[in-house]
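Got the model loaded in your viewer? Here is a walk through it, one selection at a time.

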Amino acid sequence: MSRLVFTTITAKTFLLPHSSSSLHFKIFKSSSSSAASRVSTMASDSSSSSSASSPSPSSAIDFLTLCHSLKSTKRAGWVKRDVAGPESIADHMYRMGLMALIANDAPGVNRDKCIKMAIVHDIAEAIVGDITPSDGVPKAEKSRREKEAIDHMCKLLGGGPRAEEIHELWMEYEENSTTEAKVVKDFDKIEMILQALEYENEQNKDLEEFFESTAGKFQTDLGKSWAAEIASRRKKQG
């Protein structure tokens with residue numbers, strides 16, 4: 001916009017007396033300075049807003065360092081069945097994220113939200129570990145420990161919109177309160193039985209209990225169809 005105004009004023013400089021030209025030039029300078037000031041203010045406001053919504057470098061690194069244990073902690077179910085080289089918690093969540101990424105669009109389902117929920121749903125295990133039913137921990141106690149852990153992690157992140165989003169996604173998954181939560185809970189089971197099938201094939205193991213534990217528990221058509229595909233492949237390979 002400023003270039004167009006400058007061209008018009010420059011043209012008038014040759015047509016009008018010097019005094020008029022000078023007047024027009026001063027108006028242009030004032031307008032340009034005002035615009036520059038507005039742009040500078042907008043940039044400053046945007047920068048301040050971005051800074052306020054982001055965790056500090058210190059908080060971010062503290063949070064990510066804590067999350068390192070998700071990469072090093074092996075999934076307890078496989079450890080107890082003596083699976084060689086079992087996947088980590090992070091491995092499990094990563095493939096669930098891929099599931100959300102490649103899944104067909106479904107009415108009323110926010111795919112981006114599913115991706116985020118998939119990489120957040122087990123994040124509290126960075127502190128409490130992978131508690132399984134065989135550990136004998138009551139469901140209410142497991143939930144209390146994990147809730148305490150997620151509260152601590154969000155505080156470590158410094159609060160703010162990013163921490164709030166993580167907390168809300170985690171709670172939504174835990175409460176199974178939305179369609180996205182139901183989809184991601186199905187992905188949780190799908191990833192487990194797909195991994196079980198892979199371990200059966202690679203290590204000549206019988207991991208039937210993992211398939212039995214998920215039978216009839218899928219909540220979405222997508223989950224049911226993917227589970228059926230895995231079961232069909234297992235049957236053919238058996």
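We start with the overall fold, then move on to salt bridges, a surface patch, a pocket and the cysteines.

**Whole chain.** Keep in mind that this is a predicted model. Switch to cartoon view and colour by secondary structure: you should find 12 helices and 0 strands. Read along the sequence, the pattern is simply α-α-α-α-α-α-α-α-α-α-α-α. If you colour by accessibility instead, 32% of the 238 residues count as buried.

**Salt bridges.** How many salt bridges does a search of the whole structure find? The count is 16. We'll stop at a few of them.

Select Arg 75 and Glu 87 first. These two form a salt bridge, with 3.3 Å between the closest N and O atoms. The pair ties together distant parts of the chain, 12 residues apart: Arg 75 sits in the loop between α3 (57-72) and α4 (76-80), while Glu 87 sits in the loop between α4 and α5 (89-102). Are the two partners buried or exposed? Both Arg 75 and Glu 87 are buried.

Next, go to helix α8 (residues 139-156) and pick Glu 141 and Arg 144. Both residues lie in this helix, 3 residues apart, which is about one turn. Their side chains meet in a salt bridge at 2.9 Å, N to O. Arg 144 has a relative accessible area of 41%, so it counts as partly exposed. Glu 141 is partly exposed too, because its relative accessibility is 24%. Now add Arg 145 and Glu 148 to the selection: Glu 141, Arg 144, Arg 145 and Glu 148 are linked in a network of salt bridges.

For the last pair, select Glu 208 and Arg 234. Here the side chains meet in a salt bridge with an N to O distance of 2.7 Å. Again distant parts of the chain are linked, with Glu 208 in helix α11 (residues 208-214) and Arg 234 in helix α12 (residues 221-237), 26 residues apart. Glu 208 is partly exposed, because its relative accessibility is 30%.

**A nonpolar patch.** Turn on the surface and select Tyr 94, Leu 98, Leu 101 and Ile 102. Together they form a nonpolar patch on the surface, with about 420 Å² of accessible area. Zoom in on one of them, Leu 101, which is found in helix α5. Leu 101 has a relative accessible area of 41%, so it counts as partly exposed.

**The largest pocket.** Now look for the largest pocket, with a volume of about 1300 Å³. It is lined by 34 residues, and the closest to its centre are Ile 131, Thr 132, Pro 133, Lys 142 and Asp 188, so select those five to find the middle. To see the walls, show α4, α8, α9 (160-175), α10 (179-203) and α11, each of which supplies at least two residues of the lining. Which helix gives the most to the lining? That is α8, with 5 residues.

**Cysteines.** Finish with Cys 114 and Cys 154. Cys 114 has a relative accessibility of 2%, so it is buried. Cys 154 also counts as buried, because its value is 9%. Buried here means under 20% relative accessible area. If you were hoping to draw a disulfide, the count for this model is 0.

How values were computed. Residues are numbered from 1 along each chain as its sequence is written. This is a predicted model: local features need pLDDT of at least 70, side-chain atom pairs count only at pLDDT 80 or more; totals for chains, interfaces and linings use all residues. Side-chain values use heavy atoms; hydrogens and water are left out. A disulfide is a pair of cysteine sulfur atoms within 2.5 Å. Buried means under 20% relative accessible area, exposed over 50%, partly exposed in between (1.4 Å probe, protein chains only). A salt bridge is a side-chain nitrogen of Lys or Arg within 4 Å of a carboxyl oxygen of Asp or Glu. Helices (H or I, at least four residues) and strands (E, at least two) are DSSP runs, numbered from the N terminus. Patches are made of residues with over 30% relative accessible area and no salt bridge: like charges are joined within 9 Å, nonpolar side chains (Val, Leu, Ile, Met, Phe, Trp, Tyr) within 5 Å. Accessible areas come from the Shrake-Rupley method with a 1.4 Å probe; for residues, only the protein chains shown count as cover. On a 1 Å grid over the protein atoms alone, a cavity is a set of points where a 1.4 Å probe fits but cannot get out, and a pocket is an open set with protein on both sides within 12 Å along at least five of seven lines; lining residues have an atom within 4 Å of a point. Grid points are joined across faces, edges and corners, and a volume is the space filled by probe spheres set on the points.
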